[in-house]
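Me: Could you take a close look at one part of this protein for me? I would like to hear about a single helix and then how the rest of the chain is set out.

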Amino acid sequence: MNLGSAEEELRCLREELTAAPDPEALFQASSKMARVVSEYFSPEQATDFIAATVEGMLSASPTCATAAGLWMKVILKECEDAMLDKVPAILDIIYSHMATIQEGILRQSLLEAVSILAHHHLEAVISSLLSNHLPMDSDTTELWRSLGRDPLLATQVLQVLIEKIKTSTRQEGSVTSETETDRHLAAAEPLSATCAIFEVVSALQSSKAVQELLPEWFPVLLQQVSRTSGQKMPLPRIRSRSLFQKDQQHTEGNPCRFSVQALESVLFNVGNERLVRVLRLQKTWILLENPQTHHEGVCLLVRVLLRSGLVTPEIIQSVLPWMNSPMENFRVTGTAFLAQLMSDPMLREKKLLKSVLRILEERSQDRNSIVRQMAVRGLGNIVDGAPVKVKKYKKFLLDILIGALHDIFSSEVIGESMKALAKVLKELKEKDIGSSFKDLAQQIRTYFDDEDDALRSVAFVLFGILAQLTKKKRKAYFAEQVRKSWVTLLLHLQDPSPKVSMMSSHTDEFPLIEHSTR
């Protein structure tokens with residue numbers, strides 16, 4: 001090659017290498033030489049050159065190994081435009097040598113090389129790293145954490161990862177029926193992005209970015225928890241390259257647990273250690289992870305976040321579309337979120353109460369029993385969040401809650417409805433109940449002999465509350481209902497369930513029952 005004036009510069013640098021009085025001077029000369037060479041670098045040789053340089057880091061000479069690492073970083077930085085198409089291959093080379101390059105300075109050079117690539121080709125680097133086999137091994141974890149420790153990169157990396165999850169969600173939104181997509185296996189890319197978020201957030205030097213972007217990130221990660229609930233790990237990917245080939249055994253792990261860990265790490269990074277401690281003590285994360293208790297975990301999570309002032313109108317608006325999703329998991333999570341939100345004054349203050357009530361009305365007829373249960377709970381929680389509105393919506397509430405007592409598929413829905421009615425009725429008077437009184441009294445009595453201890457117990461509680469509400473107009477009718485149930489009441493004094501026995505024996509709390517039985 002005709003190098004012109006560069007040829008003389010290289011000769012001088014070679015002499016500096018020979019005469020260098022110490023390693024620092026030697027490395028300075030070596031770096032200058034790499035910069036000169038980079039001006040004549042051929043893009044077609046990028047992969048081979050980086051491979052040869054990384055091989056040089058395995059040299060028995062520590063000085064040569066360190067210099068090789070310097071050359072790699074200089075070439076990647078100076079020839080950034082030529083590297084875009086080579087990013088996957090370069091990452092392949094770097095990753096494949098991480099197992100053998102363990103020495104501190106040299107390993108740091110590998111991590112810095114990835115950061116240099118990410119500064120110039122962020123999307124390409126993230127896409128390549130996301131194609132990693134799951135669960136992540138320690139080397140891949142270290143690569144993600146190195147990006148998290150870079151203050152100029154971390155927030156950008158997290159934004160790209162969040163967008164990867166959101167893109168997958170939008171694609172799912174085009175599915176018109178849940179049977180059109182395989183719900184048994186977790187989608188690989190959003191799950192990989194979720195795992196990467198956990199690693200990047202764990203390495204962040206500052207919590208400012210997470211605090212500012214929490215209203216955007218929280219619903220995305222909660223939805224990912226919902227999406228992966230009950231799913232299995234995706235199948236291992238088949239690759240033509242050798243990248244991440246170390247773990248080709250069958251994929252193991254719990255997708256939902258990874259999603260929960262990412263959500264927990266974000267909330268922890270917000271800086272509220274008390275919040276995280278309370279969530280752990282209440283076993284919120286364990287409940288969220290289990291498909292059978294996921295809805296209860298959501299309720300606990302929202303309750304704690306409300307107390308910490310972390311639920312914003314932006315978060316609420318992000319959750320509302322889940323109510324009409326064809327995916328049952330999203331409807332369960334969303335309805336549980338709103339059910340707990342109903343216990344807070346925020347909905348009334350933000351003028352969202354009416355629209356949320358209509359959503360809960362629709363979900364009370366959902367084909368999924370947990371969604372129906374959460375909808376009913378939410379309606380009962382209006383007593384806590386907007387007690388002054390109970391009388392305004394009394395007919396609306398009573399119609400739905402009494403209707404839920406007839407649910408033939410789920411005892412949980414019936415029990416939730418009776419608990420909700422118990423709360424609502426305490427805010428009403430006999431005249432407020434209107435024509436619903438007779439249906440309610442008769443329906444409650446049908447559960448006195450139910451096999452479910454919890455249903456029997458709450459039925460007695462609700463019957464007692466109804467007794468306290470009963471005045472002159474319906475006194476005779478209610479007394480007749482009591483007489484019809486008197487034998488049952490006496491029998492349940494010896495109920496196998498201590499709780500039921502206690503409830504059925506508390507006639508001193510129900511004046512009308514006591515009067516009608518004399």
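Reply: Happy to help; here is one helix, followed by its wider setting and two loop residues. The model is a predicted one, where local features need pLDDT of at least 70, side-chain atom pairs count only at pLDDT 80 or more, and totals for chains, interfaces and linings use all residues. Residues are numbered from 1 along each chain as its sequence is written, and side-chain values use heavy atoms, with hydrogens and water left out.

Let's start with α17, which covers residues 328–341. Helices here are DSSP runs of H or I with at least four residues, strands are runs of E with at least two, and both are numbered from the N terminus. From first C-alpha to last, the 14 residues of α17 reach 20 Å, close to the 20 Å expected at 1.5 Å a residue; that expected span is 1.5 Å times one less than the number of residues. Because 13 of its 14 residues are buried, α17 is largely enclosed by the rest of the structure. Buried means under 20% relative accessible area, exposed over 50% and partly exposed in between, with a 1.4 Å probe and protein chains only.

As for the setting, the protein chain has 29 helices and zero strands, and 54% of its 518 residues are buried.

Now to the loops. S364 lies between α19 (353–363) and α20 (369–380) and is buried, at 11% relative accessibility. P135, in the loop between α7 (122–130) and α8 (138–148), is partly exposed at 31%. Its C-alpha is 6.7 Å from that of G253, although P135 and G253 are 118 residues apart in sequence.
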